[in-house]
Amino acid sequence: MNTLAARLAERIARSGPITVADYMAAALNDPDHGYYRTADPLGAGGDFTTAPEISQLFGELVGAWLIDCWEQAGRPGRVNLVELGPGRGTLMADILRVGRHVPDWLKAVQLHLVEINPRLRQAQAEILSAYTPQWHAALSTVPDGPMMLVANEFLDALPIRQLIFWNGAWRERLVGWSAETGFEFVVSAGPSPLSLLLPADLPATQGDVYELSPAVIAAGTEIARRIARDGGAALIVDYGRTESAAVETLQAVRAHRMVKVLDDPGAADLSAHVDFALLARVARETGAIAAGPATQGAFLDELGIGLRAERIRRGLTADAAATLDQAVARLTDPKAMGQLFKVLAIVSPGITPAGLPPPGLALC
């Protein structure tokens with residue numbers, strides 16, 4: 001049993017089972033042993049690979065999208081360019097490289113990175129030092145003002161609560177511990193008040209699991225509130241679903257393989273699918289405009305990833321061209337990331353002139 005596991009076991013033995021959200025928060029964000037505090041999870045040597053690490057085309061198209069929104073907003077002379085969970089800085093480097101073609105945009109942006117991992121902050125500093133980034137532990141400390149924000153595979157790692165339909169009622173699924181079995185899922189003794197947040201017409205059978213994330217709701221609310229108040233746009237890319245439903249998606253990944261969720265807390269990435277329907281509703285009810293969700297494949301196709309790849313391919317060797325084609329397929333093919341990953345925009349009214357949606361998306 002690792003140090004964090006021992007600490008959690010002691011906590012449960014002392015005070016009783018904890019929520020799945022509490023378990024995730026400790027496993028991912030514990031100051032001393034949390035996964036996102038200590039590991040470099042990205043790439044072939046890590047635990048997973050994100051879209052920006054697959055091809056520069058992803059970041060270039062996201063950059064073009066952000067610049068288009070900035071122009072639709074009236075080209076403000078000062079704008080906060082924010083990334084939540086920037087990884088090694090690859091996505092932001094690609095975005096800013098595109099920005100060199102629009103000098104006024106590059107002059108306008110002030111770079112803000114929301115990152116808690118010291119190792120990743122160092123990697124970001126090395127690749128983005130020319131743009132004098134400022135780091136934050138949370139979006140709340142980013143200064144007020146027009147904002148262009150991107151969050152790629154960020155919301156899926158925020159803690160979730162799980163409800164399970166058990167003996168005719170929605171009860172909370174909790175994490176318990178015993179010396180014989182270790183960490184295990186248990187069910188609360190009575191119905192959970194969180195069930196009041198579930199869709200009224202949600203069908204349920206014994207054992208169905210419904211996931212909801214107060215942390216995702218809070219993050220979406222804060223993003224939408226700032227954009228509605230100060231102007232700007234946010235592009236959220238993550239794996240998830242377009243309709244709220246009872247489905248269990250919590251997973252753990254280590255070395256690019258699925259592992260058991262409750263094994264070795266702090267040693268694996270924990271994540272769950274984002275409820276994009278709920279996120280869009282939160283944005284609208286907070287006063288912003290929601291566009292999407294669209295599948296990642298459809299979004300990138302609409303932005304012209306095929307044309308961009310064709311231009312790059314002309315100067316490549318046959319092997320390099322094949323590698324490029326494989327990367328585009330991985331990003332867009334429904335059997336790879338194209339269908340599972342979704343894209344949602346949260347924008348201010350000034351970015352949708354005459355009721356038109358931002359590029360690649362439809363208003364919802």
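Here are a few worked exercises on the predicted model shown above.

**Exercise 1. What is the overall build of the chain: how many helices and strands, and what radius of gyration?**

Step 1: Start with secondary structure. The chain has 13 helices and 16 strands.

Step 2: Check the radius of gyration. A compact globule of 364 residues would come out near 21 Å, and the chain has 21 Å, so the two agree.

Step 3: Look at the C-alpha trace, which spans about 60 × 45 × 40 Å along its principal axes.

Step 4: Now ask how the chain contacts itself. Take contacts between residues at least 6 apart in sequence: 74% of them join residues at least 24 apart.

**Exercise 2. Work out what share of the chain is buried, and describe its surface and charges.**

Step 1: Buried residues account for 53% of the 364.

Step 2: The accessible surface is about 15,700 Å², and carbon and sulfur atoms supply 53% of that area.

Step 3: Count the charged side chains. There are 31 positive and 40 negative ones, and the centres of the two sets sit 3 Å apart.

**Exercise 3. Walk along helix H10 (residues 276-286): which of its residues are buried, and what covers them?**

Step 1: Look at the start. A side-chain oxygen of aspartate 275 comes to within 3.2 Å of the backbone nitrogen of alanine 277.

Step 2: Pick out the buried residues of H10, namely Phe276, Leu278, Leu279, Ala280, Val282 and Ala283.

Step 3: Find their cover. It includes helix H9 (214-230) along with strands E10 (232-241), E14 (274-275), E15 (289-295) and E16 (341-347).

Step 4: Move just past the helix, where glycine 287 has a positive phi of about 110°.

Step 5: Take a look at E15, one of the covering strands. Proline 293 lies in this strand, and a cis peptide bond links glycine 292 to proline 293, with omega about 5°.

**Exercise 4. Where does alanine 228 sit, and which residues does it contact beyond its neighbours within four places in sequence?**

Step 1: Place alanine 228 in helix H9.

Step 2: Judge its exposure. Alanine 228 has a relative accessible area of 31%, so it is partly exposed.

Step 3: With neighbours within four places set aside, alanine 228 contacts Thr286, Gly287 and Ala288. Gly287 is the residue just after H10 with the positive phi.

Step 4: Try a C-alpha distance too. Alanine 228 and glycine 350 are 122 residues apart in sequence, yet 9.8 Å apart in space.

**Exercise 5. Arginine 75 and threonine 132 have positive phi values. In which loops are they found, and are they buried or exposed?**

Step 1: Recall the background: most residues other than glycine have a negative phi.

Step 2: Take arginine 75, with phi near 55°. This residue is in the loop between helix H5 (56-72) and strand E2 (79-84). Its relative accessibility is 37%, so it counts as partly exposed.

Step 3: Now threonine 132, with phi near 40°. You'll find it in the loop between helix H8 (118-128) and strand E4 (134-136). Because its relative accessible area is 52%, and exposed means over 50%, threonine 132 is exposed.

**Exercise 6. How many of the 10 residues of helix H6 (residues 90-99) are buried?**

Step 1: List the buried ones: Thr90, Leu91, Met92, Ala93, Asp94, Ile95, Leu96, Val98 and Gly99.

Step 2: That gives nine of the 10, and H6 is mostly covered.

Key: Residues are numbered from 1 along each chain as its sequence is written. This is a predicted model: local features need pLDDT of at least 70, side-chain atom pairs count only at pLDDT 80 or more; totals for chains, interfaces and linings use all residues. Side-chain values use heavy atoms; hydrogens and water are left out. Helices (H or I, at least four residues) and strands (E, at least two) are DSSP runs, numbered from the N terminus. The radius of gyration is taken over C-alpha atoms; the globule rule is 2.2 Å times the number of residues to the power 0.38. Buried means under 20% relative accessible area, exposed over 50%, partly exposed in between (1.4 Å probe, protein chains only). Contact means heavy atoms within 4.5 Å. Accessible areas come from the Shrake-Rupley method with a 1.4 Å probe; for residues, only the protein chains shown count as cover. Lys and Arg count as positive and Asp and Glu as negative; His and the chain ends are not counted. The place of a charge is taken as NZ of Lys, CZ of Arg, CG of Asp or CD of Glu. A polar contact is a pair of N or O atoms within 3.5 Å; within protein, one must be able to donate a hydrogen and the other to accept it, and residues adjacent in sequence count only if both atoms are side-chain atoms.
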